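Got the viewer open and the cartoon switched on? Let's go from stop to stop, and at each one I'll say what to select.

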Amino acid sequence: MISTRLLARPMGYRPAGLGISRCLAVPSPSKVYRDLRVTAPRQVSPIRRAWKSNITEGEKSGHISTAPNESILFFDNLFPLRVGPVVLWQPWQTDRDLNELLKKYRDSSLGFFDPIKLVKRAISDKVPIQVTEIIPRLKDGGAFVKFTYPETTSPKEIQDQISSFLTETPLKPWFSPFRSVKSGLVQGVPWLEDLYRLPKSRIRVEFVQATDEETPAELSQETLYSLFRKYGKIGEITSQPSDSKVTPRFAYVDFVLVRDAIMAKNCMHGFILREQGSKSATRLRLSYEQRVKPHHIWDWLTSHPRIVIPLLAAFLAAFTVIVFDPIREFFVKAHVQKTFEFTDSRLYKWFKSRTSDILTFHKHKAEQAGLNTLFTHRKDLIDSIQNSLLETIDTFIVVHGPRGSGGRELIMDQVLDGRKNVLVVDCRPIVEARGEAGLIRKLAFEVGYRPVFSWANNLSSMVDLAVQSTTGVKAGFSENLESQVVKILQTTASALKEVAVSDRKKDPKDANISEEAYLEAHPERRPVVVIENFLHKSEEKGIIYDKISDWAAALVQANIAHVIFLTNDPGYSKTLTRALPDRVLNQITLGDLSPGVAKQFVLSNLDSEQDEGSHQEKQVAKDQAEQQDLKELDECIDALGGRLTDLQVLSRRLKIGQSPKKAVSEIVEQSASEILRMFLLAKDNAPSETKWSVEQAWYLIREIAQKESLRYNEVLLSNTFASSTTTSAPEAALEALANAELITIRSKHGRPQTIRAGKPVYLAAFARLVSDEVVSAKMDLGVLTELSKIEAKNIDKVETELALLGSLPSQPKQANGRTNYLLAKLQASQQKIESYEKEMAGLKKILTEVS
């Protein structure tokens with residue numbers, strides 16, 4: 001409500017220099033104040049909202065129209081610009097606030113913080129105008145003021161007077177202490193829109209037609225500069241490209257300050273002008289435009305991929321080293337020191353010691369008893385390896401023996417039992433992993449290297465390929481398998497060194513010496529690296545073993561760790577000698593057990609079985625043991641041999657009540673079936689890269705069954721190997737069969753000397769296969785067929801040479817010797833073929849008659 005003092009004023013009253021006849025209201029957020037006409041003292045006409053200006057019934061465009069002798073001024077810097085976006089979404093309560101705002105304007109007291117009264121203060125009393133409307137624009141931070149003026153004065157003169165007054169007496173609002181209130185004469189038709197279009201320093205000036213019949217003309221930059229420079233400093237004027245098809249035509253005017261752009265937009269919107277020399281008038285339609293900031297750095301980066309992409313790859317590599325490498329070293333150290341393993345905790349060891357009689361399995365105790373017997377026999381080897389770990393030997397410890405000889409149990413259960421800081425790397429799952437990503441993941445798991453992003457290399461490879469195809473430069477994001485393996489092993493080496501020197505500062509004597517001197521002086525504190533199944537499938541993943549051996553050589557030479565290799569490949573010396581060419585390998589060879597030790601191993605298992613049963617079971621087991629013929633057991637062990645795995649199988653069969661002969665017979669039968677399936681019947685299923693033939697495998701089986709041992713060179717010179725039609729390298733065939741454990745090649749003075757069965761039990765299995773008439777006949781038939789092909793091939797060569805000699809015009813005497821030699825060789829080959837065919841006929845008869 002309006003105060004009584006204001007309503008009681010006589011008709012026609014107005015403050016000096018200002019007259020208020022009416023006040024209009026426009027849609028929110030703008031406010032238009034409609035005048036109050038006082039017809040009698042203490043009476044007031046009712047206040048109602050009227051949409052005057054040019055807002056007609058049914059059309060609310062928001063434009064301000066003026067009558068004759070009326071004009072509009074825009075006052076800037078009345079409201080903070082940050083207030084506009086906040087209140088823009090909230091409709092202005094005109095009915096509620098109209099009286100209060102009108103009271104604030106008509107009140108003669110001037111408040112310092114009142115933005116409405118700044119308008120009154122900005123208009124001097126000497127200016128001959130009468131204010132009819134005030135339209136605040138919160139979004140633009142100013143207000144439109146409509147006024148009437150005498151006919152003897154122009155709006156331009158009134159604007160000059162107000163500008164001079166504001167220059168002489170600047171008005172600075174509380175929120176802008178460095179910028180005063182400014183005014184500008186509205187030359188166009190302002191658009192009082194309430195859209196969410198916030199003020200910007202860039203204005204888009206569109207050139208539209210003034211009338212429907214005329215075509216607008218595009219203004220030049222000089223004309224635009226003369227129109228807008230008076231509102232503030234212009235940074236740039238950008239015309240529309242000449243080849244642009246966008247209509248209407250436009251130009252950009254960039255002001256330095258946003259307030260200047262606001263003044264220009266509100267004063268010049270809808271302004272109509274005719275440029276000199278133009279036939280048609282042009283209307284200016286102004287709007288704010290978001291300025292696209294120049295991205296000079298980004299543009300340079302995207303335009304120089306040959307420089308940026310390698311730098312980005314280097315940055316990513318450096319970031320990985322800085323962030324992830326310390327984390328990975330921490331996890332490798334925790335893996336070596338068993339920090340997070342529950343089985344090494346004191347609680348677990350205490351619980352295990354209290355419940356060992358309850359939770360220990362019967363089978364485990366029996367096998368452990370047999371292993372204790374084996375370790376007693378190998379006590380000298382155990383002591384030798386343990387002494388090597390207490391010295392600085394600067395070489396590898398290689399434990400070599402056939403599969404099943406107990407090498408892993410010897411090292412892990414005896415040599416390293418109770419030793420801390422042991423890292424076991426099993427090469428079998430690494431080389432058997434599928435793809436490079438699987439190999440990296442398995443290698444990282446073996447050494448405790450995490451986090452590892454094995455999948456990221458595939459993605460990096462695709463990105464690298466895409467970049468290379470588009471730019472012609474390899475980005476270097478992806479890494480090959482070799483570099484990734486080296487990176488994992490180097491991180492592991494760093495972690496092992498930290499583990500080795502972790503106790504250096506605990507002893508005052510060692511605190512002041514260097515790390516290298518400490519490692520050389522204390523070999524007993526170095527961690528131990530056990531590389532198990534070394535050279536497993538070495539023909540497929542040879543590069544992995546090369547990198548592992550080089551890494552192990554670096555560990556040994558730098559005195560960081562002791563390295564123990566466990567392998568059953570006889571060619572290990574070639575790979576390890578390449579890594580350590582100036583060192584002598586510390587080789588430990590594990591062979592088969594002697595018959596006496598093998599018998600003691602089996603009896604130890606049986607005695608442990610009897611000790612764990614009840615009294616009645618012990619008595620029964622004792623009676624069964626007394627009934628067993630020890631001579632029969634001796635004969636069976638002689639036939640079975642001293643391979644540890646075979647002896648364990650025999651012990652299990654004897655425990656379930658089988659007789660020694662029956663148990664050994666079934667073991668031999670099982671081995672024979674295995675040999676038959678893997679070597680003799682695998683011709684159709686064998687991979688194409690197999691280096692040996694079925695005929696060569698059967699030749700070795702037959703000859704070893706008869707002689708037990710073959711001379712290496714004698715086998716190489718035999719027709720089955722030397723003249724084979726399926727394989728070209730006899731040495732490679734023998735090596736492949738040795739890796740498959742069908743045979744064992746023993747050396748003397750570094751050269752292959754003899755060939756024996758791969759396992760002791762294989763000798764009996766070979767004899768059983770040879771004694772089988774059907775198997776022997778079928779395999780001998782294949783060997784004879786192969787030999788016949790060899791002789792037929794020789795005959796073809798002889799006939800070809802004889803035909804060449806016969807084609808000579810005259811037979812020289814010097815060719816008679818060669819001709820006779822060829823004829824004799826032809827006759828010998830023919831006789832061999834006839835002999836082979838006779839034998840083949842007999843073998844075919846056996847195959848048809850024997851079932």
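Start by selecting strand 10 (residues 397-400) and strand 13 (residues 562-567): 4 bridges pair them in the parallel sense. Strands here are DSSP runs of E with at least two residues, helices are runs of H or I with at least four, and both are numbered from the N terminus. Two strands count as paired if DSSP finds at least two bridges between them. Before you go further: this is a predicted model, where local features need pLDDT of at least 70 and side-chain atom pairs count only at pLDDT 80 or more, while totals for chains, interfaces and linings use all residues. Residues are numbered from 1 along each chain as its sequence is written, and side-chain values use heavy atoms, with hydrogens and water left out.

Now add strand 14 (residues 586-589), which also pairs with strand 10 in the parallel sense over 4 bridges. Which residues stand opposite Val-399? Leu-566 does in strand 13, and Ile-588 does in strand 14. Show the side chains of strand 10: Ile-397 and Val-399 point one way, Val-398 and His-400 the other, and all are buried (under 20% relative accessible area with a 1.4 Å probe, protein chains only; exposed is over 50%, partly exposed in between). In a regular strand the side chains alternate between the two faces of the sheet.

Next stop, an antiparallel sheet. Its 4 strands form an open sheet in the order 2-3-1-4. Strand 2 (130-137) and strand 4 (182-185) are at the edges with a single partner strand each, so one side of each has no neighbour in the sheet. Ignoring direction, neighbouring strands are turned by 25° against each other on average (axes are lines fitted to C-alpha atoms, for helices over the stretch in contact, and angles run from 0 to 180 degrees between N-to-C directions). Pick strand 1 (residues 70-76): 4 bridges pair it with strand 4 in the antiparallel sense, and Asp-76 has Lys-182 of strand 4 as its bridge partner. Then bring up helix 5 (residues 155-168), which packs on this sheet and touches strand 1, strand 3 (142-148) and strand 4, at about 170° to strand 4. Contact means heavy atoms within 4.5 Å. Helix 7 packs on the sheet too, touching strand 1, strand 3 and strand 4, and its direction makes about 165° with that of strand 1.

Keep going to the sheet of 5 strands, an open one with antiparallel pairing in the order 6-7-5-9-8. Its edge strands are strand 6 (234-239) and strand 8 (272-273), each pairing on one side only. Strand 6 runs antiparallel to strand 7 (residues 250-255), joined by 5 bridges. Helix 7 (residues 258-268) packs here as well, touching strand 5, strand 7 and strand 9, at about 145° to strand 9.

Now select helix 8 (residues 296-303) and helix 9 (residues 305-337), whose axes come within 6 Å and cross at roughly 95°. That makes helix 8 roughly perpendicular to helix 9 (the label covers 65 to 115 degrees; under 35 is roughly parallel, over 145 roughly antiparallel, and the rest oblique). Show Trp-300, Leu-301, Thr-302 and Ser-303 of helix 8 with Pro-305, Ile-307 and Val-308 of helix 9: they make the contact.

Finish at helix 26 (residues 660-680), where the buried residues include Ile-667, Ile-675 and Phe-679.
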